[in-house]
Amino acid sequence: MRRVFFLAQAELLHVVRDRATLAQVLIVPMVQILILANAATFEIRDTQMWVVDLDRSSASRGLVNRFAASGHFDITGMASSAVAADDALLRGDTTLALVIPHDFEADLVRTRRAEVALIVNAEKGAAAGVVQAYAAMILGAYSAELSLPGAAPRIDIRHRSRYNPTLNYQHYMVPGLLVALVTMIGTLLTAQNIAREKELGTLEQLNVTPITRGEFIVAKLMPFWVLGLIELSLGLTVGKLVFGIPMHGSVPLLFGVAGIYLVVALGIGLWISALVDTQQQAMFVTFFIVNVYLLMSGLFTPVDSMAPWVQQVSIINPVRHFVTISRAILMKGAGLGEIAQPFLILIGTAAVVLFVAVRQYRKRDA
């Protein structure tokens with residue numbers, strides 16, 4: 001253990017003295033989380049919309065004002081015909097066109113029913129569905145405000161949003177982004193570090209010393225394990241102070257799970273380093289593997305929306321399980337019993353990955 005401690009200390013000093021690596025560990029991830037937490041969101045704000053008000057009545061102006069005051073839409077154009085709105089949609093100048101027909105107010109007074117047209121640019125797929133839902137919500141509220149018969153639901157529906165009552169998407173994304181950053185730091189730095197030893201020729205020198213391969217691997221991985229936990233601490237601090245993410249569960253439990261997960265991430269980095277000979281190769285292979293992991297983790301898109309075979313394959317994805325655990329602990333206040341299944345999968349994955357990585361490392365470098 002004494003030799004492991006001194007070698008790990010030397011490795012940590014090397015990281016601290018290397019400004020580029022230190023920036024990669026401490027500064028770059030914090031910048032990433034500040035940017036991605038605002039960019040990686042399905043929330044729709046200030047969506048550009050055009051209004052075609054053919055009625056020009058007090059009722060139609062009231063409807064337009066409801067859209068303008070909602071905070072979801074920015075009225076960037078008014079047109080006197082639907083053709084102008086269609087042209088704006090074609091140019092990409094707007095996402096939504098609201099067409100209020102002639103006799104809108106008269107129909108409300110005479111028949112207590114009126115129609116409007118919502119024309120949505122569905123080019124963006126899911127985002128168009130969100131825009132349409134926001135618009136339908138505004139129309140429904142305005143109908144209820146006017147007390148239109150048949151517009152209000154016959155059943156009094158009262159809903160409550162649990163775990164994220166404000167529907168703040170950042171509270172959902174930031175815990176997942178923390179997992180992504182810890183994954184990148186743990187896997188990429190480990191793979192590059194040992195690949196650098198190969199390039200410099202110091203790996204062969206270490207192999208002829210009395211230190212065993214097990215001691216060498218532990219000493220190489222331990223500093224990055226500690227740095228990964230420091231990275232998580234910094235990320236949680238930024239997430240709490242800047243984005244106000246909830247922390248309903250046990251933070252020590254989260255760090256305990258993170259310690260196991262980092263064994264997986266470091267083991268993958270060790271395995272990559274055994275396959276490659278240069279740092280550039282290590283970087284390319286790491287980005288390929290990590291990108292696949294992140295896309296199949298449920299971080300950006302729900303696992304339930306993926307193809308059935310992808311859902312089955314993602315069961316062996318450690319990132320998916322840590323993302324699930326992170327969100328469950330921070331947002332729901334889940335305890336060990338609630339996260340037992342993904343946690344046990346992580347433990348099993350850590351054992352398998354580390355075993356395979358060590359065997360592969362020995363085969364390549366023995």
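The exercises below work through a predicted model of one protein chain, each with its solution.

**Exercise 1. Describe the overall make-up of the protein chain: how many helices and strands are there, and what share of the residues is buried?**

Begin with the secondary structure, where the protein chain shows 14 helices and four strands. Next, take the accessibility, which places 44% of the 366 residues in the buried class. Finally, turn to the contacts with a separation of 6 or more, of which 79% join residues that are 24 or more positions apart.

**Exercise 2. Identify which elements build the largest nonpolar core, and which of them gives the most residues.**

The first step is to list the best-connected members: among the 40 residues of this core, Ile-33, Val-174, Leu-236, Val-257, Phe-322, Ile-325 and Ile-339 touch the most other members. The second step is to assign the core to elements, and those that give two or more residues are helices H2 (19–39), H7 (169–200), H9 (213–243), H10 (251–275), H11 (279–295), H13 (318–332) and H14 (340–365). Of the contributors, H7 gives the most, with 11 residues. The third step is to follow one member outward: beyond its neighbours within four places in sequence, Ile-325 is in contact with Val-257, Ile-339, Pro-342, Phe-343 and Leu-346. A further core, separate from this one, has 18 residues, including Leu-63, Leu-96, Leu-108 and Tyr-134. As background, nonpolar side chains tend to be buried together in soluble globular proteins.

**Exercise 3. Examine helix H7 from its N-terminal end to the residue just after it, and decide whether its residues are mostly covered or mostly uncovered.**

Start at the N-terminal end, which is capped by Asn-168, with a side-chain oxygen 2.9 Å from the backbone nitrogen of Gln-170. Then consider the length: the 32 residues of H7 reach 46 Å from the first C-alpha to the last, close to the 46 Å expected at 1.5 Å a residue. The accessibility then settles the question, since 29 of the 32 residues are buried and H7 is therefore mostly covered, buried meaning under 20% relative accessible area. Just after H7 comes Gly-201, which takes a positive phi of about 85°.

**Exercise 4. Work out why Ser-60 is classed as it is, and describe its surroundings.**

Locate the residue first: Ser-60 is found in helix H3, residues 58–69. Ser-60 counts as buried because its relative accessibility is 0%. The buried residues of H3 are Ala-59, Ser-60, Gly-62, Leu-63, Val-64 and Phe-67. A polar atom of the Ser-60 side chain lies 2.8 Å from the backbone nitrogen of Ser-57, while the residues touched by Ser-60, apart from those up to four places away in sequence, are Asp-53, Asp-55, Ile-100 and Phe-104. As a check on the helix itself, the 12 residues of H3 should span 16 Å at 1.5 Å a residue, and the end C-alpha atoms are indeed 16 Å apart.

**Exercise 5. Place Tyr-261 in its helix, and state which residues it touches.**

Tyr-261 belongs to helix H10, and it counts as buried because its relative accessibility is 1%. Leaving out residues up to four places away in sequence, Tyr-261 touches Val-179, Thr-183, Pro-318, Val-319, Phe-322 and Leu-346. The backbone gives a further link, in that the C-alpha atoms of Tyr-261 and Ala-350 are separated by 7.0 Å although the two residues are 89 apart along the chain.

**Exercise 6. Find which charged residues sit over the rings of Tyr-172 and Tyr-163.**

For Tyr-172, the charged end of Arg-327 sits over the ring, 3.7 Å from its centre. For Tyr-163, Lys-332 lies over the face, at 5.4 Å from the ring centre.

Terms used. Residues are numbered from 1 along each chain as its sequence is written. This is a predicted model: local features need pLDDT of at least 70, side-chain atom pairs count only at pLDDT 80 or more; totals for chains, interfaces and linings use all residues. Side-chain values use heavy atoms; hydrogens and water are left out. A nonpolar core is a set of buried Ala, Val, Leu, Ile, Met, Phe, Trp, Tyr and Cys residues joined through side-chain atoms within 4.5 Å. Buried means under 20% relative accessible area, exposed over 50%, partly exposed in between (1.4 Å probe, protein chains only). Contact means heavy atoms within 4.5 Å. A charge sits over a ring if NZ of Lys or CZ of Arg is within 6 Å of the ring centre and within 35 degrees of the ring normal. The expected span of a helix is 1.5 Å times one less than its number of residues. A polar contact is a pair of N or O atoms within 3.5 Å; within protein, one must be able to donate a hydrogen and the other to accept it, and residues adjacent in sequence count only if both atoms are side-chain atoms.
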